[in-house]
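Reader: Hey, got a minute to go through a structure with me? I'd like to start with the pockets and then poke at some helices.
Author: Sure, let's pull it up.

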Amino acid sequence: MKQRFWPLLVKRAIYVSIGAAALSLSLPVTAAAGVAIRMTMGKPVFFSQLRPGLRGLPFRLYKLRTMTLGGGDDSLRLTPLGRWLRALSIDELPQLWNVVCGSMSLVGPRPLLMEYLPRYTPEQRRRHDVLPGITGWAQINGRNALSHEARFVLDLWYVDHWTLGFDLRILASTFWRVVC
């Protein structure tokens, strides 16, 4: 699908503004979570990882750390604090920096792991025709309860049908699910 230049530019300008404001407003919560992480898990407070972004190009995604360091089963490494931070999506707040810097959008397909890229079909690769998002159509329609195939279907539907109004609906639904 050929992207529309002006709607993308408007979307970007709006989301950078919202992202910068949200980043500023969320600093006290992020700082409090950071102190709690430092006190219970030690350093580092932040977790970063390369993820595929627009056109599949790698970018560094930032999150608050929710697991102990080292190898092993992720479910065993997830701490009680980390479980709570994830339940409230507080661990995602540093991604607002990714939005402000331009590697992510507020709304778009969630960035998966780099190691999955070679497994995508040409159709599945189209999810990288837009910036990845902090939230997205798949997140408000089942999130982790969805199969990978179902997530791809929803992500591709979003890529083909996004509008600013649709994005605002996704943001409102995300806000409702996280806060209420």
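Reader: Which residues lie nearest the centre of the largest pocket?
Author: Keep in mind that this is a predicted model. Nearest the centre of that pocket are K63, D91, E92, R110 and R143, and the lining as a whole comes to 48 residues.

Reader: How much space lies in it, and what's the lining like by class?
Author: The largest pocket holds about 1800 Å³ of space. Its lining breaks down into 23 nonpolar, ten polar and 15 charged residues.

Reader: Which helix gives the most to that lining?
Author: That's α7, with six residues. Others that supply at least two residues each include α1, α3 and α6, along with the strands β1, β2 and β4.

Reader: OK, and the second largest pocket, what lines that one?
Author: There are 13 lining residues, with L8, K11, L54, V130 and L131 nearest the centre. Helix α1 provides the largest share, five residues. The space there is about 240 Å³, and the lining has seven nonpolar, two polar and four charged residues.

Reader: How many cavities of 30 Å³ or more are there?
Author: One, with a volume of about 30 Å³. Among the residues lining this cavity are L54, V130 and L131, and those three also sit nearest the centre of the second largest pocket.

Reader: Switching to helices. Which residues of α3 are buried?
Author: L81, G82 and L85. They're on the same side of α3, because they cover an arc of only 100° around its axis. Over on the other side, P80 and A87 are exposed.

Reader: What covers the buried ones?
Author: The cover includes α1. By the way, S89 follows α3 and has a positive phi, near 60°.

Reader: And α6, what span should it have, and what does it have?
Author: The 14 residues of α6, 148–161, should span 20 Å at 1.5 Å a residue, and the end C-alpha atoms are 20 Å apart, so the two agree. Its buried residues include F152, L156 and V159, and their cover includes α1, β3, α5 and α7.

Reader: Last one: is R126 buried or exposed?
Author: Buried, because its relative accessible area is 17% and the cut-off for buried is under 20%. R126 sits in the loop between α5 and β4. Leaving out residues up to four places away in sequence, R126 touches L156, V159 and D160. Of those, L156 and V159 are among the buried residues of α6.

Conventions: Residues are numbered from 1 along each chain as its sequence is written. This is a predicted model: local features need pLDDT of at least 70, side-chain atom pairs count only at pLDDT 80 or more; totals for chains, interfaces and linings use all residues. Side-chain values use heavy atoms; hydrogens and water are left out. On a 1 Å grid over the protein atoms alone, a cavity is a set of points where a 1.4 Å probe fits but cannot get out, and a pocket is an open set with protein on both sides within 12 Å along at least five of seven lines; lining residues have an atom within 4 Å of a point. Grid points are joined across faces, edges and corners, and a volume is the space filled by probe spheres set on the points. Helices (H or I, at least four residues) and strands (E, at least two) are DSSP runs, numbered from the N terminus. Buried means under 20% relative accessible area, exposed over 50%, partly exposed in between (1.4 Å probe, protein chains only). Contact means heavy atoms within 4.5 Å. The expected span of a helix is 1.5 Å times one less than its number of residues. The arc is that of the directions from the helix axis to the C-beta atoms. Ala, Val, Leu, Ile, Met, Phe, Trp, Tyr, Cys and Pro count as nonpolar, Asp, Glu, Lys and Arg as charged, and the others, Gly among them, as polar.
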